[in-house]
Amino acid sequence: MLGRTLREVSAALKQGQITPTELCLKCLSLIKKTKFLNAYITVSEEVALKQAEESEKRYKKGHSLGDLDGIPVAVKDNFSTSGIETTCASNMLKGYVPPYNATVVQKLLDQGALLMGKTNLDEFAMGSGSTDGIFGPVKNPWSYSKQYREKRKQKPHGENEETNWLITGGSSGGSAAAVSAFTCFAALGSDTGGSTRNPAAHCGVVGLKPSYGLVSRHGLIPLVNSMDVPGILTRCVDDAATVLGVLAGHDCKDSTTVQDPVKSFILPSLTDVSKLCIGIPKEYLVPELSSEVQSLWSKAAKLFESEGAKVIEVSLPHTSYSIVCYHVLCTSEVASNMARFDGLEYGHRCDINVSTEAMYAATRREGFNDVVRGRILSGNFFLLKENYENYFIKAQKVRRLIANDFVNVFNSGVDVLLTPTTLSEAVPYMEFIKEDNRTRSAQGDIFTQAVNMAGLPAVSVPMALSNQGLPIGLQFIGRAFCDQQLLTVAKWFEKQVQFPVIQLQEIMGDCSSVFENDLASVSLKQ
Amino acid sequence: MWARAGRRVLRAPRGGCRGFASPAGSPGKAGGGGVSAGREAGRAALETGRIAREVVEHLERLALVDFGGPEAVARLERAVAFADRLRAVDTDGVQPLESVLEDRCLYLRSDNVVEGNCAEELLQNSHRVVEEYFVAPPGNISLPKLDEQEPFSQS
């Protein structure tokens, strides 16, 4: 049951083949079994069971709220959840319990979803490995998969096991791992520079970054106000569209959400791609790109071509400056956004009482880790009077050039761009930590951050396993507010490539029954 | 026009340390005349690729976050060196982009009070409150300079 898609489970719930409580208990049990992954910071067991109870009552009366009623979901720990600790994996907010729900969380709850817990991340969503939070790093479930283990010819409990595990990517690694390990059907992440798409690619799940302005950021603890969006992680494209349909729409509490009427996100099943024009940006072919990812990227392009689509090479000339521009704008906005953490109204507060400045300084030193402090200081440097014009304004100008590059390409008739999501498959943690956070972020975000600067929608779809048995995903980028078209193309691609299901039976032990087809048939009304 | 002149003057020296462009005064001025002593010191230090102590202290005051050691300063220098690559981009005549939604109008809500009255809830999240006040230490004392500071208690 846990291996099924959201819509299939929803149908099963409606038909009474399983109850929300049973589903909830299965997921909770799996969360306990996979605790070593460190995907969850908080497991909201009581809340979830209570929600399951209410959902069950609704189903018994035949009054289900919709496709998400009774469905276990997880939420990244930088979304405010009323009554449930929200930490951003930082000492600054350890113990902080928000008095309200983020709009996207409220929308999920209003649809009857079961909140399983808050997932782990890099501190304040700064990072591309989910390794720099105070609760420790998140382990990629694929480290324990049969597919990976077989390739490494390891014994199940060999001595390498504990030290050679792989990162999930970040910063929404906890959410990606939670979905990948079947502990929930959908998870919320956030995406500022690729933080949803990067871990999605490394964990073999679908990671959607909606258009900026489509989904409310109210309650998402902000990093970069002009680029942040809530991200959606699911095991298939249809599920992502279902969740997007629930979350999208104007929110009067977020003035950066557009007021356009919300279109449907039900995805047609594309059979004919001959009218489609796919663009391949040539500047994305960088020397650091692994040969495996490159060859899969080529293969994907050829796939579209062989099915009749027009596939053309395009140019995004300012690509090589994109990551630098992002670095300046991101640190500058972060410096501003982190200023709210002073210990007075919420969050950690130090013991010093000599003066406000001394108190703020000590609180912030104790509350933030090196990465956050480093970004705040860099950002403040770029915002100094003598540097403002040359760094911050300059970066804003370069941002316009980058956004215009995309506009020009889409205006020339391209419908969707196809690029890699990451430079390579997931790397071992021991390898990853050899370089500092900024270097790793620059590498991890290289294909993804330009999209945030332009505010476009993008989705990472898992394509195939690498020679080591690890997932590799590719990214599709669409026109602004054309999320439905983007997902339609992604869904077609997903169907063509048939990415394999992760085989985790070894570590699940007697949980392996969750993967058996314990339904004779599930009827789906399309 | 001034930007081009500025670029020629401030091009990074070959090899060794990178030169940093501190701007030639504010836009419109061609030369660097009239910069303050502090900025001069900052600029001189920047041109060797290292960040001057005055700038470090200034940043710590502004950010209310301390560097914590020379590694952090080195990290900042690398970050700035990374950011310097932007210089190579020609942005003449390009307007800064603040928001991707700039072509849309910001809407206004109707001026009705629909929520609030939650003082108690909000006060609960603070460590130090007195009645309905958040309590802060005295505010008119500046943070002492680095070499004047008492070491903060480690926790």
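Student: How far apart do the end C-alpha atoms of residues 167-487 of chain A lie?
Tutor: The model is predicted. UniProt, in an unreviewed entry, lists residues 167-487 of chain A, along with 32-145, for "domain: Amidase". The 167-487 span is 43% helix and 14% strand, and its end C-alpha atoms lie 27 Å apart.

Student: Which helix gives the largest share of the largest nonpolar core?
Tutor: That core has 192 residues, and A:Phe124, A:Phe304, A:Phe406, A:Phe476 and A:Phe493 touch the most other members. The largest share is eleven residues, and it comes from residues 385-411 of chain A, helix α13.

Student: Which residues does A:Phe406 touch, leaving out those up to four places away in sequence?
Tutor: A:Phe406 is one of the residues that touch the most other members of the largest core. With residues up to four places away in sequence not counted, its contacts are A:Tyr284, A:Leu316, A:Leu417, A:Ala450, A:Ala454, A:Leu456 and A:Ile477.

Student: Why is one side of β1 and of β8 in chain A left without a neighbour in the sheet?
Tutor: The sheet is open, with eleven strands in the order β1-β3-β2-β4-β6-β5-β10-β11-β9-β7-β8 and mixed pairing. β1 (40-43) and β8 (310-314) of chain A stand at the edges, so each has a single partner strand.

Student: What angle does the direction of helix α6 of chain A make with that of β4(A)?
Tutor: Helix α6 (residues 173-180) packs on the sheet and touches β1, β2, β3, β4 and β6 of chain A. Among these strands, β2 and β3 pair in the parallel sense over five bridges. The direction of helix α6 makes an angle with that of β4(A) of about 155°.

Technical notes. Residues numbered from 1 in each chain as written. Chains lettered and ligands numbered in written order. Predicted model: local features only at pLDDT ≥ 70, side-chain atom pairs only at ≥ 80, totals over all residues. Heavy atoms only, no water. UniProt positions renumbered as here; feature names shortened; annotations may be inferred. Helix = DSSP H or I, 4+ residues; strand = E, 2+ residues; numbered from the N terminus. Core = buried A, V, L, I, M, F, W, Y, C linked by side-chain atoms within 4.5 Å. Buried < 20%, exposed > 50% of the residue type's maximum accessible area, 1.4 Å probe, protein only. Contact = heavy atoms within 4.5 Å. Pairing = 2+ DSSP bridges. Axes fitted to C-alpha atoms, helices over the stretch in contact; angles between N-to-C directions.
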